[in-house]
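User: Please take a close look at the metal site of this model, and then follow the chain outward from there to the parts that surround it.

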Amino acid sequence: MRKIAILAILLTLSGCGIKSSIIDKPIQFDAERIALTKAYLKDRYGLERDTITINPKMIVLHWTAIPTFEGSYDAFYESTLPNWRPDIENVSGLNVSTHFLVDKDGSIYRMMPETYMGRHVIGLNHCSIGIENVGGTEDSPLTEEQLKANIKLVRYLAKKYDIEFLIGHYEYTNFEGHPLWLERDTSYRTEKTDPGKDFMYKVRQATKNFNFTPIPIKK
Ligand SMILES: [Zn+2]
C-alpha cells in the first residue's frame, strides 16, 4: 500500500515538473522584430493583424544542425537575418526562431512567448509552436536526454493548447493544399530532413495518447 502511495506521489511530481524545468532565455524581440513579424503574416499569409499572437494548432520539431548551445542560441537572437538585404523586395528580413531550444543534456529553454509567431516553418508559422534541438549533425546526433525533453514538452503543450498536429520539419510540405497552409509563393520551399525520422517515431510513440491527427499524405 505504501509503495502505491509513494508511486502516486512520484507520478504527480513528475507531472508538474515541466513548468519548473523550463528556463526562460529570451531572444531579442524588439519593435523591429514585431513589425517584421506582422509584415510576414501580411505578405506571406495574407493575415492583417494588430498583434503577432498565434492560436497554436501544431508542434514542429527541429534540429539546429549547429553542435553547440551558444551557436544555436546566437543564430536566433538577433531580430533580423544576418545576411538580410532590405533592398531586395519579397524576401523577409525577419530572423528565424522557435519558441523552445533543447540542449544536448535535455535542458529546455524558452526563447520567446509561446503564442508569438516564430519563423521556423514555411506555410505554417501562423499556427505552430517550434522546438529546436541543439545538434543533429553526424558528429552531434540528438541525444536520449533531448528525446525525453521533447516528449515532456510535447505533453506540456498538448495539455495547454488545442494541438491537432505533431510534425517533424521534414514533413511540412505534406501540408500544401491543407487549410492550415497559407504560404502564397509556390516557389518558396526548402528541403528539410530535421529532426530525423527515428526521432519523430519515438516522440510519436510516447505521445500516442493525445491522438494527434495523422499528417496529410503528400500529393
Ligand atoms: Zn527545422
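The answer below starts at the metal and then turns to the loops, the salt bridges, the pocket and the core.

Analyst: This is a predicted model, in which local features need pLDDT of at least 70 and side-chain atom pairs count only at pLDDT 80 or more, while totals for chains, interfaces and linings use all residues. Residues are numbered from 1 along each chain as its sequence is written, and side-chain values use heavy atoms, with hydrogens and water left out.

The zinc ion is coordinated at 2.1 Å by ND1 of H62, ND1 of H169 and a carboxylate oxygen (OD) of D194. Donors here are N, O and S atoms within 2.8 Å of the metal (3.2 Å for Na, K and Ca); water is not among the atoms, so the site may look incomplete. Along the chain, the donors follow the spacing H-x106-H-x24-D. The pair H62 and D194 links distant parts of the chain, 132 residues apart: H62 belongs to the loop between strand 2 (58–61) and helix 3 (69–77), and D194 to the loop between strand 6 (165–168) and helix 5 (197–206). Helices (H or I, at least four residues) and strands (E, at least two) are DSSP runs, numbered from the N terminus. Both H62 and D194 are buried; buried means under 20% relative accessible area, exposed over 50%, and partly exposed in between, with a 1.4 Å probe and protein chains only.

The backbone of these two loops has features of its own. D194 is joined to P195 by a cis peptide bond, with omega about 0 degrees, and P195 lies in the loop between strand 6 and helix 5. In the loop between strand 2 and helix 3 is A65, whose phi is positive, near 60 degrees, in a residue other than glycine. A65 counts as partly exposed, at 40% relative accessibility. A positive phi, near 50 degrees, also occurs at N211, again a residue other than glycine. N211 lies in the segment after helix 5 and counts as exposed, with 63% relative accessibility.

The loop that holds D194 also takes part in salt bridges. A salt bridge is a side-chain nitrogen of Lys or Arg within 4 Å of a carboxyl oxygen of Asp or Glu, and by this rule the count comes to nine. In one of them D185 pairs with R44, with 3.9 Å between the closest N and O atoms. D185 lies in the loop between strand 6 and helix 5 and R44 in helix 2 (residues 31–45), so this pair ties together parts that are 141 residues apart in sequence. D185 is partly exposed at 31% relative accessibility, whereas R44 is buried at 9%. Another pair is R189 with E176, whose closest N and O atoms are 3.2 Å apart. R189 and E176 both lie in the loop between strand 6 and helix 5, so the parts that they tie together are 13 residues apart in sequence. R189 is partly exposed at 25% relative accessibility, and E176 is partly exposed at 33%.

A further salt bridge joins R110 and E114, at 2.7 Å from N to O. Both R110 and E114 are buried, and they belong to a network of salt bridges that links D24, R110, E114 and K160.

The zinc ligand H169 leads to the largest pocket: of its 24 lining residues, H169 is among the closest to the centre, together with V96, R119, H120 and K192. This pocket holds about 470 Å³ of space. A pocket is found on a 1 Å grid over the protein atoms alone, as an open set of points where a 1.4 Å probe fits, with protein on both sides within 12 Å along at least five of seven lines; lining residues have an atom within 4 Å of a point. The lining divides into eleven nonpolar, nine polar and four charged residues.Here Ala, Val, Leu, Ile, Met, Phe, Trp, Tyr, Cys and Pro count as nonpolar, Asp, Glu, Lys and Arg as charged, and the others, Gly among them, as polar. The volume is the space filled by probe spheres set on the points, which are joined across faces, edges and corners.

The largest nonpolar core has 26 residues, of which L61, F100, I131, L153 and L157 touch the most other members. Such a core is a set of buried Ala, Val, Leu, Ile, Met, Phe, Trp, Tyr and Cys residues joined through side-chain atoms within 4.5 Å. Helix 4 (144–160) is one of the elements that give two or more residues to this core, and its eight residues are the largest share.
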